[in-house]
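Me: I should like to learn how to read the structure shown here, one feature at a time. Please give the general idea first and then the case at hand.

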Amino acid sequence: AMSHFDRGTTYQVLSHTARDEGYRALYKGLSFPLCSTALLNAVVFGVEGISERALKSLWSEERPMLTGFVAGCIAGLAQSPLVCTVDLVKTQRQVQLGWHGDSPVGIFRSRISDVGLRRGAFQGLGPTALKECPSYGVYFLVYEQSKRLSEGHLPTVPATLLSGGLAGCVALGMIHPVEVVKSRIQALPTSCSHQERTPLYVIRQGLHREGLAFFLRGFGAAMARAFV
């Protein structure tokens, strides 16, 4: 299913999916991320808050930017295993053709039955951790600084929304190439070999087929999602 959209733009992917599979297919894989959002946010903000308080007591409160960045990195790393599993099931569901595919729970059970827990639930964990760790450090850093700079210039609600959108775009924009590689790995079936699932192999194949544009696949859609 992934090769079906090679070199396709975001609009082409959306329009072809809606035309060939129906508009409901645009929401394939939604249930798993939706059900796990509360838990993911609890882990991120909980770990970030605990880490920031611990770092402030260790480094004093004179380094708010550094403590915020490091605390964000720790929070991103802490949630990586859960994010990996959620994104893996979501991606596997999205590459299935047609709306009436396996349920997310069915996909999860089938993968574990076929290849075991480690690969069945955590395929792509390395790129996920590489993405989540720095991106959340940058997110909290940019968010706090943007919010501080906007104080006195914008009302509280617009300032918060603008700061959050800017932080999301910067944090996800800088690691988008890693996101592309992670998604390609997680879209692979269980029958793929260990070599085909390595980041280096995926990068080589992507560069061979698409050139450097491979690293920017879906960038526009990712930025729109990040800001919202």
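Reply: Let us start from a single residue: Leu 34 is located in helix H2, which covers residues 31-59. Helices (H or I, at least four residues) and strands (E, at least two) are DSSP runs, numbered from the N terminus. The model is a predicted one, in which local features need pLDDT of at least 70 and side-chain atom pairs count only at pLDDT 80 or more, while totals for chains, interfaces and linings use all residues. Residues are numbered from 1 along each chain as its sequence is written, and side-chain values use heavy atoms, with hydrogens and water left out.

Me: Is Leu 34 buried or exposed?

Reply: Buried means under 20% relative accessible area, exposed means over 50%, and partly exposed lies in between (1.4 Å probe, protein chains only). Leu 34 has 58% relative accessibility and therefore counts as exposed.

Me: Which residues form a nonpolar patch on the surface with Leu 34?

Reply: Patches are made of residues with over 30% relative accessible area and no salt bridge; like charges are joined within 9 Å, and nonpolar side chains (Val, Leu, Ile, Met, Phe, Trp, Tyr) within 5 Å. Here Leu 34 is joined by Leu 14, Tyr 23, Leu 26, Tyr 27 and Leu 30, and together the six have about 670 Å² of accessible area. Such areas come from the Shrake-Rupley method with a 1.4 Å probe; for residues, only the protein chains shown count as cover.

Me: How should the chain as a whole be read?

Reply: The chain has nine helices and zero strands. Its C-alpha trace spans about 50 × 35 × 35 Å along the principal axes. The radius of gyration is taken over C-alpha atoms, and the globule rule is 2.2 Å times the number of residues to the power 0.38. For 228 residues a compact globule would have a value near 17 Å, and the 19 Å of the chain agrees with this. Of the 228 residues, 39% count as buried. The accessible surface comes to about 12,900 Å², and 64% of this belongs to carbon and sulfur atoms.

Me: Why is helix H7 described as largely enclosed by the rest of the structure?

Reply: Eight of the 11 residues of helix H7 (residues 176-186) are buried, so the helix is largely enclosed. Among the buried residues are His 176, Val 180 and Arg 184. The buried residues of H7 pack against helices H3 (64-94), H5 (125-150), H6 (156-174), H8 (199-210) and H9 (219-227), where contact means heavy atoms within 4.5 Å.

Me: How many salt bridges does the structure hold?

Reply: Side chains of opposite charge can pair when their charged atoms come close. A salt bridge is a side-chain nitrogen of Lys or Arg within 4 Å of a carboxyl oxygen of Asp or Glu, and the structure holds nine salt bridges. In one of them, the side chains of Glu 210 and Arg 184 meet at 3.1 Å, N to O. Glu 210 lies in helix H8 and Arg 184 in helix H7, so the pair ties together parts 26 residues apart in sequence. Glu 210 is buried at 11% relative accessible area, and Arg 184 is buried at 12%. Elsewhere, salt bridges that share partners join Asp 87, Lys 90, Lys 131, Glu 132, Glu 179 and Lys 182 into one network.

Me: How is the pair Asp 87 and Lys 90 placed in helix H3?

Reply: An α-helix has 3.6 residues a turn, so residues three or four places apart point the same way. Asp 87 and Lys 90 are three residues apart in helix H3 and are therefore separated by about one helical turn. Their side chains meet in a salt bridge of 3.8 Å, N to O, and both residues are buried.
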